[in-house]
Amino acid sequence: MKLVITGAGGLLGSALVKRLEGHELYSFYSQHPPQSGRPVHVDLLDQGELTRRLLEIRPDAIVHAAAMTDVDRCERERDRANAVNHEATKAIARCASEMDSFLVYVSTDYVFDGRRGMYREDDGPSPVNFYGMTKLMGEQAVRELTQHHLVVRTSVIYGSTPSSGKTNFALWVLESLKEGRPVSVAADQFVSPTLNTGLAEMVIECLESRLTGTLHLAGATRLSRFEFALELCRTWSLDSSLIKPVSMNDMDWQAQRPRDSSLDVSKAANILKNRPLAIHQALSILKRQLEGSARAMAAR
Ligand SMILES: NC(=O)c1ccc[n+]([C@@H]2O[C@H](COP(=O)([O-])OP(=O)(O)OC[C@H]3O[C@@H](n4cnc5c(N)ncnc54)[C@H](OP(=O)(O)O)[C@@H]3O)[C@@H](O)[C@H]2O)c1
């Protein structure tokens, strides 16, 4: 397959491109060059360049994983968030339709208001912040403009390496605890933490079998951020007294967050061979990945 992956240096994108090396792979990035595939520098704010590059490559399929993911920044810089998350998605959807390329759009649990949790694919979205709003408009553009598409919704992605110049929740908790630094985490915010490599494997299976529609691809366990930090602590035998439960109201956030945006992944569990991972499975994989990286560093 000839493939374009956007956000190829990001947390999900980096796991995707590593696993797609056997294909003719074009890895789109803006600031952080990807580790695999042919690097293609495209700023999503430049729609002319984005469209030109896509029409030049004419991929069989596109996985659009790039986004402005800083939720508070999206709230502050609304024009930029709309341009990156919505307008660029619209441009990609138009190109996909024109080239008859299959489009996988990676969306978020933040399209839901979080009043109920364990959302299914056909539950009504109602975002509580601007990031969620722009991602929902991205979903709508993909549905309106393309025939062959899959909208994937995921939740709190984590992985073994920093990507696109930043750490992730699991690495931040582990590094803080190993250094004896306390961490304050919300005990009243519930999510479905998702290991990036497991997510990449599910996305690739969907891509290869050309699944269409909307699909929740996330970890199989609903947890509060506090419970997630405790699970990390248990798996690495670290000092759990350093984890301080706080309320979402105590966080210094600009954008509101959904209280419970956990996702029901039973549809994916029923149709995929690569099933959503329970938290214990995912954390034992993460542990092996981190031990493997430490061994590789030591051998250098
Ligand atoms: N992270 C989460 O917890 C989470 C939860 C639910 C859904 N999602 C969704 O999952 C997808 C993947 O998230 P992620 O965590 O892998 O993201 P990430 O690590 O924050 O990476 C974002 C990617 O988007 C690219 N990007 C941002 N602005 C761009 C621009 N103007 N032009 C070109 N590329 C741009 C970045 O490229 P450069 O670094 O090269 O600039 C980066 O590779 C996103 O669509 C996100 O909305 C994420």
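User: Happy to start with a strand pair: which residue in β2 is the bridge partner of Leu-3?

Analyst: Good place to begin, and note that this is a predicted model, where local features need pLDDT of at least 70, side-chain atom pairs count only at pLDDT 80 or more, and totals for chains, interfaces and linings use all residues. Residues are numbered from 1 along each chain as its sequence is written. Strand β1 (residues 2-6) and β2 run parallel and are joined by four bridges; strands pair if DSSP finds at least two bridges between them, and strands (E, at least two residues) and helices (H or I, at least four) are DSSP runs numbered from the N terminus. In β2, the partner of Leu-3 is Leu-25.

User: What is the handedness of the crossover from β1 through α1 to β2?

Analyst: The test is to look with the strands pointing away from the viewer: a path from the first strand over the helix to the second that runs clockwise is right-handed. Here the chain leaves β1, passes through α1 and enters β2 as a β-α-β crossover. Its hand is right-handed.

User: How many of the six residues of β2 are buried?

Analyst: A residue is buried if 20 or more other C-beta atoms, placed from the backbone, lie within 10 Å of its own (exposed if 12 or fewer, partly exposed in between). Strand β2 (residues 24-29) is largely enclosed by the rest of the structure, because its buried residues number five.

User: Which residues of β6 are buried on the face opposite His-149, Val-151 and Arg-153?

Analyst: In a regular strand the side chains alternate between the two faces of the sheet. In β6 (residues 149-154), six of six residues are buried. Both faces are covered, and the other side holds Leu-150, Val-152 and Thr-154.

User: Which residue in β11 is the bridge partner of Val-151?

Analyst: β6 and strand β11 (residues 213-216) run parallel, joined by four bridges. The β11 partner of Val-151 is Thr-214.

User: Within what arc do the buried residues of α8 fall?

Analyst: In helix α8 (residues 225-235), the buried residues are Arg-225, Phe-226, Phe-228, Ala-229 and Leu-232. The arc is that of the directions from the helix axis to the C-beta atoms. Seen down the axis, these residues line one face of the helix, because they fall within an arc of 160°.

User: Which element gives the most residues to the shell around the ligand?

Analyst: Of the 29 residues around the ligand (C-beta atom, placed from the backbone, within 6 Å), those coming nearest include Gly-7 and Ser-30. Elements giving two or more residues are α1 (11-19) and β5. With three residues, the top contributor is α1.
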